[in-house]
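Trainee: Please take me through one part of this model closely. I'd like to see how it is packed into its surroundings.

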Amino acid sequence: MNFILRLGYVIQEGFRQVIRAGGLSVAVITIVTATLLQLSLFLGVTRVLDHAFASANQKFEMAVFLSASATSEDDARIEDFLTHDGRVDSVQLITKEAALEEFRKDPSVDQMVKALGENPLTDSFTVTLKNESMDQADSLAADLKKDPQVDDVSYGKGEWETVSNLIRVIRWTGFLMAGLVFVTALFIVANTLTLALWARREDILSMERLGAPMWMRWGPYLCEGIFQGLIGSIIVTVILEAVRRAAGQALQKYGGFDILNALPAQEWIGLYLRLMVIGIVLGILGAFWALQKKWIKERL
């Protein structure tokens, strides 16, 4: 019971110090808010890219073109192979007659076909891979090309790899910049909290003389950092939610750009929770760093 009372005092005193610090608390909360807004940009862009890439994966299709000599038995055999392959999600046979009918909807193509007097197309398959098997497209294409009746396999390999590599570079660049922003903000927060500790150095000395244990002396300052980080993260969450709703509606209405609303609600909730955790970590690390100053450790 005594420990619980002391812990309650530490938490209560930490909250009081946020209020007593006044301008210094406002400075720390502002720094945390600005930092989290920048981090939210990196995290938000990363999530949007991941979502867009996942959506593209779902639309990713592989075209398997058969040779002109392929028979209906060859079609059935290759379709059976694809259907039972663990990497394939769905298979659709497109006969040369169906493909020609689709192409002849273009008047210029229709004239060319009439001039040829025959169907130049071949049977083909439209293959959709499972999301977890996207990186195995090369191996599936290689297996298909072993069949003598498979003339070609097309799936935009070069373009797909370029997009994938570009997203990977953007993601890691964002993480690097976010790390630099976090470290810079941590340094500023720690120095700002050091000023607050210096202003209350007599309080620290008084608690030492009263025989308060060490954790009761430094506990309120860690709690102060936690509260300041939490307040900053709540402010950022409110700002981002307001911007998301306003910008999403405006973009959808005027530009037809609905990417903000395209992200599921749980993605935004996850982003807000991560920002709150980062804000709390930033506050507590800044307070801990401030408590490591030599003149403070001598009093603690």
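Mentor: Gladly! Strands E1 (61-66), E2 (88-94), E3 (124-129) and E4 (150-154) are among the elements that cover the buried residues of helix H6, and helix H3 (72-83) is another. Helices (H or I, at least four residues) and strands (E, at least two) are DSSP runs, numbered from the N terminus. This is a predicted model, where local features need pLDDT of at least 70 and side-chain atom pairs count only at pLDDT 80 or more, while totals for chains, interfaces and linings use all residues. Residues are numbered from 1 along each chain as its sequence is written, and side-chain values use heavy atoms, with hydrogens and water left out.

Within H6 (residues 137-145), the buried residues are Ala137, Leu140, Ala141 and Leu144 (buried means under 20% relative accessible area, with a 1.4 Å probe and protein chains only). They lie on the same side of H6 because they cover an arc of only 100 degrees around the axis, taken from the directions from the helix axis to the C-beta atoms. As a rule, an α-helix has 3.6 residues a turn, so residues three or four places apart point the same way.

For the wider setting, the largest nonpolar core has 27 residues, and Val32, Leu36, Val189 and Leu282 are among those with the most contacts inside it. A nonpolar core is a set of buried Ala, Val, Leu, Ile, Met, Phe, Trp, Tyr and Cys residues joined through side-chain atoms within 4.5 Å. Ala141 of H6 belongs to a second, separate core of 18 residues, which also includes Leu82, Phe125 and Met134.

Technical notes:
Buried < 20%, exposed > 50% of the residue type's maximum accessible area, 1.4 Å probe, protein only. Contact = heavy atoms within 4.5 Å.
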